[in-house]
Amino acid sequence: MAKHNNFYITTTLPYVNAEPHVGFAMEIIRADAIARVKKLQGYTVFFNTGTDEHGQKLYDEATKEGKDVQEYVDFYSEKFKGLKDLLGLSEDIHFIRTTDKHHEQAAQEFWRRCDAHGYIYKKQYHAKYCVGCELEKTDSELVDGKCPIHPRKDIEVIEEENYFFKFSALQEKLLQFYKENPNFVVPDFRFNEIKSFVERGLQDFSISRLKSKMSWGVEVPGDSEHVMYVWFDALVNYISTLGWSENREQFEEFWVNGTPVQYCGKDNLRQQTAMWQAMLMAADLPQTNTVVIDGFATGEGGIKMSKSIGNVINPYDVVNEYGTEALRYFALVEMSAFEDSPFTMERFKDAYNSKLANGIGNLTSRILKMAETHIAEPVEISNESLDDSYFKLYEGYDMTKVGEYIWNEISSMDAFIQETTPFKVIKTDFEKGRDLIKQLVVRLYSVARMLNPILPDTSLKIMNAIKANKMPEASLFVRKD
Ligand SMILES: [Zn+2]
């Protein structure tokens, strides 16, 4: 048995101003599935998400709309909280906002520690900056003088005296850490990517802005003319959410003595696996245990989703038409865990009909109809814990493997019904027919339990139907034409 029974997992914090997009929906659904499976294993889980609410982009957009910045972020932050219902996330998920007072204090304390350890200095800053990314850009990263991700935004030239973080001083320490922790980044090919980035040498980066030019940020401790660079402040959320630095106990339980896991998209590789880790080193705090890097959801043929092509998928539309559980299924089981993969409504509908409506939905109706008709009492179910082999499937964070395992069992149960025809046998040999049906109910219950992290609501409906020995009131998944 594990020495510590606490488990911490977090997503990244998206900027609050955009509508939640399907890529972030995938990230948070995946983290939620891991949080749920850890609970099944008996862990106490701390699951974190939230919103990144500082920085120039938000400041500019609020100002453009003539709104007070705080009111603006309050409004959008509420929208993000709606993701919990939309995506069927764990009830006890923690939601941090980087404008929370205790977070701002934590960011300042974090700064003080990095400063005290000699990792912060001041110098003249001259850089090209994309406000869309909130990142500095080198000439080689620009296309025709524009950020390729934000071609409609002008690159800003920043020329001011700023505070810098001594990223370069931590190159060797980072490489040593990567070497000693061969599973730190999942999957391997992303780990190799960051290793070669760090091996090429690190540039110190600016971690403040002049307040007179951009005021929407956390004030730098001891210098009221500067606010912190948005990434420096936001990354600290992963520990401020635990109450760091005041709540020492919770931080020890989940971070220091736990195995903290961070989920993020591939566009966050550098920030999560190098910048944030170097910041933790500078503050003399323990590293993240594992960073899991998602691929992107694309349009058909790997084309980037964009409004002009009209291939953008809105998670709200998907849920309106197919329901939360179907979106979870598709994000976890049908989309590649680590590679970019296409999310189109055509693929979605096919998977929905074959795996949900005709798969688990149909199987549940068939078995429970036979049970309800031919068996007087609910079938007795054992409460043994799930197999170790099932939990092992989650170890590589590839939920498509879990899906394969469960849907193989579903197909094999379909085949079993086909071969043994309990609905016929029961008419000529009651005992034998009833035994076959009981076997199927027991297997269905086990499938329902295994489905919990992926389809929590469906899992519960099936288990309740079995306990009541009644078909579910309505089809679990109505076929779509
Ligand atoms: Zn950009």
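Student: Which domains does the domain assignment of the chain give?

Tutor: Good place to begin! This is a predicted model. Its domain assignment gives domain 1, covering 6-302, and domain 2, covering 347-468. Taken over C-alpha atoms, the centres of domain 1 and domain 2 are separated by 41 Å.

Student: How many residues of domain 1 are in contact with domain 2?

Tutor: To read a contact, check whether the C-beta atoms of two residues lie within 7 Å. Here 10 residues of domain 1 are in contact with 11 residues of domain 2. On the domain 1 side, helix α1 (residues 22-40) gives the most, with six residues. That side of domain 1 divides into six nonpolar, two polar and two charged residues.

Student: Where does the largest nonpolar core lie, and why?

Tutor: In general, a nonpolar core is a set of buried nonpolar residues joined through their C-beta atoms. In this model the largest one has 125 residues, and those with the most contacts inside it are Cys114, Met228, Leu235 and Met279. Helix α1 turns up again, giving the most to this core with 11 residues. The core lies between domain 1 and domain 2 because both give residues to it.

Student: Could we zoom in on one of those core residues? What does Leu235 touch?

Tutor: Leaving out residues up to four places away in sequence, Leu235 touches Gln271, Met275, Trp276 and Met279.

Student: Now for strands. Is strand β13 largely enclosed or open, and why?

Tutor: Count its buried residues, where buried means 20 or more other C-beta atoms within 10 Å. In β13 (residues 290-294), four of the five residues are buried, so the strand is largely enclosed by the rest of the structure.

Student: Which strands do bridges join to β13?

Tutor: Look for the bridges and the direction of the strands. Strand β7 (residues 185-186) runs parallel to β13 and is joined to it by two bridges; there, Val185 has Val291 as its bridge partner. Strand β12 (residues 261-265) also runs parallel to β13, with five bridges joining them. Within β13, Ile293 stands opposite Cys264. Together with helix α11 (residues 269-282), β12 and β13 make a right-handed β-α-β unit.

Student: One last residue: is Glu300 buried or exposed, and why?

Tutor: A residue counts as exposed if it has 12 or fewer C-beta neighbours within 10 Å. Glu300 has 12 inside 10 Å, so Glu300 counts as exposed. You will find Glu300 in the loop between β14 (297-298) and α12 (315-322).

Student: How far apart are Glu300 and Phe343 in sequence and in space?

Tutor: They are 43 residues apart in sequence, and 7.1 Å apart in space, C-alpha to C-alpha. Glu300 also touches Pro342 and Thr344, not counting residues up to four places away in sequence.

Conventions: Residues are numbered from 1 along each chain as its sequence is written. This is a predicted model: local features need pLDDT of at least 70, side-chain atom pairs count only at pLDDT 80 or more; totals for chains, interfaces and linings use all residues. Domain bounds come from an automatic or database domain assignment. Ala, Val, Leu, Ile, Met, Phe, Trp, Tyr, Cys and Pro count as nonpolar, Asp, Glu, Lys and Arg as charged, and the others, Gly among them, as polar. A nonpolar core is a set of buried Ala, Val, Leu, Ile, Met, Phe, Trp, Tyr and Cys residues joined through C-beta atoms within 7 Å. Two strands pair if DSSP finds at least two bridges between them. A crossover is right-handed if, with the strands pointing away from the viewer, the path from the first strand over the helix to the second runs clockwise.
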